[in-house]
Amino acid sequence: SAHRLFFSQGGKPIKAMHRLVEAIPLVAKVFPDVTVAVSGLAELRDGIIRGQSYHRFIAQRMHELGVSDRFEFLGALGPKTLIKEMQSSSVFVSTSSIENSPNSMGEAMMLGIPCVSSFVGGVPSIAKDGEEALLFPLNEPEMLARHIIWLLKHEDEALKIGSRGRTRALQNHSREENRRCLLAVYHEIEERHSDS
């Protein structure tokens with residue numbers, strides 16, 4: 001569907017997926033066909049509430065808000081499948097409560113997918129709010145919903161954000177690559193020096 005969202009590693013409490021669950025009823029009022037693909041969590045696939053307490057909490061919130069049927073649990077994905085699933089989504093969502101430099105968001109940005117993320121940790125350093133991604137304060141599912149709705153409504157602008165995000169992610173990635181190479185060279189020099 002054109003109104004498909006992608007969420008990564010839904011089973012980890014730190015990823016705060018319940019924030020997205022709370023935002024979906026608001027998004028569904030505007031886009032009744034909205035769905036969410038969730039990677040890294042298969043336990044809720046059958047709607048059976050068991051296992052980790054956080055998984056039970058998510059299942060309970062989904063049930064309470066009447067959105068269980070909007071979530072598709074993909075389980076663990078290999079790189080190729082992950083890319084395919086991301087590319088068939090309109091928006092990548094991250095609601096993490098703590099984040100350094102989120103790899104999954106970086107991957108989505110590299111694919112040119114518009115991202116909505118919580119304004120935490122290193123996120124603002126990898127994407128400029130309003131230009132390369134849309135950021136929202138952690139405990140505000142209403143603002144998360146507003147950002148998602150805006151991106152789904154304004155496809156051209158969403159594409160531009162995705163495109164600017166891609167440019168930025170490719171820069172970030174090459175910078176990290178350069179840093180890794182530089183450090184490897186330093187370590188090699190250091191080892192040679194300590195051997196002599």
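Is L182 buried, partly exposed or exposed? L182 is partly exposed, its relative accessible area being 47%, where buried means under 20% relative accessible area, exposed means over 50%, and partly exposed covers the values in between, computed with a 1.4 Å probe and with protein chains only. The structure is a predicted model, in which local features need pLDDT of at least 70 and side-chain atom pairs count only at pLDDT 80 or more, whereas totals for chains, interfaces and linings use all residues. Residues are numbered from 1 along each chain as its sequence is written, and side-chain values use heavy atoms, with hydrogens and water left out.

**Overall architecture**

The protein chain has 7 helices and 6 strands, which are DSSP runs numbered from the N terminus (H or I of at least four residues for helices, E of at least two for strands). Along the sequence these elements follow the pattern β-α-β-α-β-α-β-α-β-α-β-α-α. The C-alpha atoms fill a box of roughly 70 × 40 × 30 Å along the principal axes, and buried residues make up 45% of the 196 residues in the chain. Of the contacts with a separation of 6 or more, 69% are accounted for by residues 24 or more positions apart, a contact meaning heavy atoms within 4.5 Å. The protein chain exposes about 10600 Å², of which carbon and sulfur atoms supply 53%; accessible areas come from the Shrake-Rupley method with a 1.4 Å probe, and for residues only the protein chains shown count as cover.

**The sheet and the helices on it**

The 6 strands form an open sheet with parallel pairing, in the order β3-β2-β1-β4-β5-β6, two strands being paired if DSSP finds at least two bridges between them. Strands β3 (71–75) and β6 (134–136) stand at the edges with a single partner strand each, so one side of each is left without a neighbour in the sheet. From one strand to the next the twist averages 20 degrees, with axes taken as lines fitted to C-alpha atoms (for helices over the stretch in contact) and angles running from 0 to 180 degrees between N-to-C directions.

At one edge, strand β2 (residues 35–39) is joined to β3 by 4 bridges, the two running parallel, and A37 stands opposite E72 in β3. Although β3 is an edge strand, β3 is mostly covered, with 4 of its 5 residues buried. At the other edge, 3 bridges join the parallel strands β5 (residues 115–118) and β6, where S117 stands opposite L135 in β6. Helix α6 (residues 141–153) packs on the sheet, touching β1 (4–7), β4, β5 and β6, and its direction makes about 165 degrees with that of β6. Helix α4 (residues 103–110) lies across β4 (91–94) and β5, running at about 160 degrees to β5.

**Salt bridges**

A search of the whole structure finds 7 salt bridges, each defined as a side-chain nitrogen of Lys or Arg within 4 Å of a carboxyl oxygen of Asp or Glu. The table gives the N to O distance for some of them.

| Acidic residue | Basic residue | N to O distance |
|---|---|---|
| E85 | R4 | 2.6 Å |
| E22 | R19 | 3.1 Å |
| E132 | R168 | 2.7 Å |

E85 lies in helix α3 (residues 79–87) and R4 in strand β1, so this pair ties together parts that are 81 residues apart in sequence; both E85 and R4 are buried. E132 lies in the loop between α5 (123–126) and β6, while R168 lies in helix α7, so this pair ties together parts that are 36 residues apart in sequence, and E132 and R168 are likewise buried. E22 and R19, by contrast, are 3 residues apart in helix α1 (residues 17–30) and thus separated by about one helical turn; both are buried. R19 and E22 also belong to a network of salt bridges that links them with R61 and E64.

**Partly exposed nonpolar positions**

L182, with which this report opened, has its place in helix α7 (residues 155–195). L182, L183, V185, Y186 and I189 form a nonpolar surface patch with about 470 Å² of accessible area together. Patches are made of residues with over 30% relative accessible area and no salt bridge, like charges being joined within 9 Å and nonpolar side chains (Val, Leu, Ile, Met, Phe, Trp, Tyr) within 5 Å. F57, in helix α2 (residues 53–64), is partly exposed as well, with a relative accessible area of 33%. F57 and P13 are 44 residues apart in sequence and 10.0 Å apart in space, C-alpha to C-alpha.
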